[in-house]
Amino acid sequence: MERKKHLYQHYTWPELGEMVKTQPVVVLPIGSVEDHGPHLPLDTDNFLIWNICEEAAQRADGEILLLPLVPYGFESHHMDFPGTIDIHMDHLLNFVLDITKSVAHHGFKRILIADGHGSNMPILELVARRTILETNALCAAFIWPSLAIREIRAVRESERSGMSHACELETSVYLHLDGQRVQMEKAVKEMGMPKSEFVWSDLMDGSPVRMMDYWTRFSKSGVNGDPTLATAEKGRVVFGAVIEAFLRLVREFKTRPMGERTDYHRESWRGLSPA
Ligand SMILES: [Zn+2]
């Protein structure tokens, strides 16, 4: 097997030291090993985010340097389902921060964390903030459906909560990437969260008030959404739109200006004031 130009770990250390000069965007994918209903494998988040990142990296013409996937996520609320692997939120924050700080230590200035699992996001936002505060790099985090909200809404058929987990969205993209591993005959629609004006779960339509309960309190199957509406064709459209947006994000983020900080304990601010 040949070396892949977009993979961080296919380079030697002298090569990687040189690569800092071109300042590619270093992308860290993270997913989960988590129940995804009776029809999708435990690898769903890992499989989707890795394929998204690798496809984007292959098409980014050297502008993405792709780190190995972090295969586990924060899952304490999913542990009633057999198979799920839970990383404590404190451990996950510090583990991912150790990765981004290592990358920044080697001189890379633009780091993107690409997430495949919703409950990682609040933790990854803090990782991105701390990376900025504690290194010379800029770091941002996103979950993949957020990149293509308009295009996903255009193919969506389910009502609110239909795209939350093991749902119309995740099932469609899995069907597109590898339909043989999806057991569609076992897919069930389940949207059992209490009806609310303020609190719900939907990847495309976040609720104004944020709350996440233990999952078996509102889902018997592990599904929150409507996977019965999933199709490989929807998955193809969504995957394509996410990749296009990812490439636009990388090009923008790579050249995003970094302003100068000013310490007003040392500099006079009075010249700035009209008085
Ligand atoms: Zn998922």
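Visitor: Why is aspartate 45 called buried?
Guide: In this predicted model, aspartate 45 has a relative accessible area of 1%. Buried means under 20%, so aspartate 45, at 1%, earns the word.

Visitor: How do you know whether glutamate 170 is buried or exposed?
Guide: By the same kind of check: the relative accessible area of glutamate 170 is 4%. Set against the cut-off of under 20%, that value makes glutamate 170 buried.

Visitor: What makes His36, Asp45 and Glu170 donors of the zinc ion?
Guide: Happy to show you! A donor is an N, O or S atom within 2.8 Å of the metal. His36 uses NE2, Asp45 uses OD and Glu170 uses OE, at 1.9 to 2.0 Å, so these atoms meet the limit. Along the chain, the donors have the spacing H-x8-D-x124-E.

Visitor: Why does the pair of aspartate 45 and glutamate 170 tie together parts that are apart in sequence?
Guide: Aspartate 45 sits in helix H2 (residues 44-59), while glutamate 170 belongs to helix H6 (residues 168-178), so the pair links parts that are 125 residues apart in sequence.

Visitor: How do you know how many disulfides the structure holds?
Guide: The count is zero. Take cysteine 53: the closest cysteine sulfur, in cysteine 139, is 13 Å from its own sulfur. A disulfide needs the two sulfur atoms within 2.5 Å, so 13 Å is too far for a bond. Cysteine 139 is likewise in no disulfide.

Visitor: And what makes cysteine 53 and cysteine 139 buried?
Guide: Cysteine 53 has a relative accessible area of 1%, and cysteine 139 has 6%. Buried means under 20%, so the word fits cysteine 53 and cysteine 139.

Key:
Residues are numbered from 1 along each chain as its sequence is written. This is a predicted model: local features need pLDDT of at least 70, side-chain atom pairs count only at pLDDT 80 or more; totals for chains, interfaces and linings use all residues. Side-chain values use heavy atoms; hydrogens and water are left out. Donors are N, O and S atoms within 2.8 Å of the metal (3.2 Å for Na, K and Ca); water is not among the atoms, so sites may look incomplete. Helices (H or I, at least four residues) and strands (E, at least two) are DSSP runs, numbered from the N terminus. Buried means under 20% relative accessible area, exposed over 50%, partly exposed in between (1.4 Å probe, protein chains only).
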